[in-house]
Amino acid sequence: MLPSLHAVPGNRLDQIWMVRAPVPSASSVAWSLGWLDEEYAAEGIKVGWVREETIRDPITHSEQRQRATLREGGNISALIDRSRGQPTRVIGLTWIDERQSIIVRPDSGIREPGDLRKRRIAIPGAEQSSSSLTVRGMSLHGVENALSLAGLTLDDVEIIEIPGARIDYSDPLTINRMWAGLDWVADGRADAVYIKGAAGAEAAEALGLVVGVDLDVYPSRLSRVNNGTPRPIIVHESLIEQHFDLVVRFLYRTLLAADWAANHLPDLIEILQRETFSGPEGIRAAYRNDFHRTLHPSLAAERIDMLRLQEQFLHRHGFLDDRVDIDGWIDPRPLAVANAMREKLRAA
């Protein structure tokens, strides 16, 4: 039996928060269209948003705010938090191919994964800010995935440690620091670096660099499991238990926004330009393969297994304080109810 929609008396909310990252997501589309404000307006609940890098800062993001936060974002910081005992739950997983590439100089001779053997790969250092750990984790896994396509491992390349940087995800200029390794490749201090997304692709092109290995063209999605693939939707467990209906309605509006995106690509590109700090050509280059038709959250077994692979990678490389029980982390109830609501609407 599906859970009833109710909120626990005495725990009324007047504000919920969304964590928005510069990537395509149905929840951000729902927010951009004003649908989330519309959903909660009758109850006087405002929908605010916070930057990705502030949600672990106790000064700017109190425990009360954390309990009322909905986050569709990268899985590295979410897994790290869970490994440290944070009482979060995964209520959905999304998958969007977002131009994962190994970038090289045009004269490098690197045209396929096997060409990376014995090359110098730039990897950001392990500073302790959340954004720095995330970029290091992304880079390591992206390079490991590329090498695995040729039967190679990280032991087959020379890792060049470069300075990490704290990333301000709200700033279209400083977000490029995420891909600081591009400068190392451009001036010859390294031979290759991993990037993903529209901003990374545009920054590489501006430096005259090219794609040496395009991970998106390989048939197996396993070669693209990384921070944003799959991307979890995370909430505090108390929000589910005390405000189940609000969580369900967030997912319901997110599902409807994904339906809208599937049929409104030009309008979606306009939204994504604001979200990703990229131009329309950068969006089209980074997000391919009918990505606009695949924004729906799901808890399909394949996506859960891929999240499990990401947890294994992060544990193997020392990012996690403890193992994360993926199955125990997932709460499928809100999405089941939201999908039932969507189907009822479609049938009507």
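## Helices, strands and the overall picture

Helices (H or I, with at least four residues) and strands (E, with at least two) are runs assigned by DSSP, and they are numbered from the N terminus. With that wording in place, His317 can be located in the loop between helix 12 and helix 13 (326-329). The structure described here is a predicted model.

The protein chain holds 14 helices and 10 strands. Of its 348 residues, 57% are buried. Among the contacts in the protein chain with a separation of 6 or more, 81% are made by residues that lie 24 or more positions apart.

## The nonpolar core and Trp329

The largest nonpolar core has 96 residues, and the members that touch the most other members are Leu116, Leu182 and Trp329. Helix 9 (residues 244-262) gives the most to this core, contributing 13 residues.

What does Trp329 touch, once residues up to four places away in sequence are set aside? Its contacts include Ala78, Leu79 and Arg82, then Thr88, Arg89 and Val90, and also Ile234, Leu307 and Val324. Two of these partners, Ala78 and Leu79, are listed among the buried residues of helix 4, while Leu307 is listed among the buried residues of helix 12.

## Two enclosed helices

Helix 9 has 19 residues, and the 27 Å from its first C-alpha to its last is close to the 27 Å expected at 1.5 Å a residue. Because 19 of the 19 residues of helix 9 are buried, this helix is largely enclosed by the rest of the structure.

Helix 4 (residues 75-83) is also largely enclosed by the rest of the structure, because 8 of its 9 residues are buried. The buried residues are Asn75, Ile76, Ser77, Ala78, Leu79, Ile80, Asp81 and Ser83. Just after helix 4 comes Gly85, which takes a positive phi of about 95°.

## Arginines in helices 9 and 14

Arg249 lies in helix 9. Is Arg249 buried or exposed? Its relative accessibility is 12%, and since buried means under 20%, Arg249 counts as buried. The side chain of Arg249 makes a polar contact of 2.6 Å with the side chain of Glu43. Leaving out residues up to four places away in sequence, Arg249 touches Glu39 and Tyr40 as well as Glu43.

Arg342 lies in helix 14 (residues 333-347), and with a relative accessible area of 12% it is buried. Its side chain is joined to that of Glu343 by a polar contact of 3.5 Å. When neighbours within four places in sequence are left aside, Arg342 is in contact with Tyr252, Leu255, Leu256, Asp259 and His296.

## Helix 12 and the loop that follows

Helix 12 (residues 301-316) has 16 residues and spans 23 Å from its first C-alpha to its last, which is close to the 22 Å expected at 1.5 Å a residue. Its buried residues are Arg303, Ile304, Met306, Leu307, Gln310, Glu311, Phe313 and Leu314. In reading such a list, it helps to know that an α-helix has 3.6 residues a turn, so residues three or four places apart point the same way.

His317, in the loop between helix 12 and helix 13, is partly exposed, with a relative accessible area of 30%. Although His317 and Leu140 are 177 residues apart along the chain, their C-alpha atoms are separated by 9.0 Å. His317 touches Glu144 and Leu154, not counting residues up to four places away in sequence. Gly318, just after helix 12, takes a positive phi of about 80°.

## Local features in other loops

Where does Lys118 lie? Lys118 is in the loop between strand 5 (100-104) and strand 6 (120-124), and its phi is near 65°, a positive value in a residue other than glycine. Lys118 counts as exposed, because its relative accessibility is 71%.

Another loop, between strand 9 (210-214) and strand 10 (231-236), contains Pro230. The peptide bond that leads from Thr229 to Pro230 is cis, with omega near 0°.

## A charge over a ring

Finally, there is a contact that involves an aromatic ring. The charged end of Arg189 sits over the ring of Trp184, at 4.0 Å from the centre of that ring.

Note on methods
Residues are numbered from 1 along each chain as its sequence is written. This is a predicted model: local features need pLDDT of at least 70, side-chain atom pairs count only at pLDDT 80 or more; totals for chains, interfaces and linings use all residues. Side-chain values use heavy atoms; hydrogens and water are left out. A charge sits over a ring if NZ of Lys or CZ of Arg is within 6 Å of the ring centre and within 35 degrees of the ring normal. A nonpolar core is a set of buried Ala, Val, Leu, Ile, Met, Phe, Trp, Tyr and Cys residues joined through side-chain atoms within 4.5 Å. Buried means under 20% relative accessible area, exposed over 50%, partly exposed in between (1.4 Å probe, protein chains only). Contact means heavy atoms within 4.5 Å. The expected span of a helix is 1.5 Å times one less than its number of residues. A polar contact is a pair of N or O atoms within 3.5 Å; within protein, one must be able to donate a hydrogen and the other to accept it, and residues adjacent in sequence count only if both atoms are side-chain atoms.
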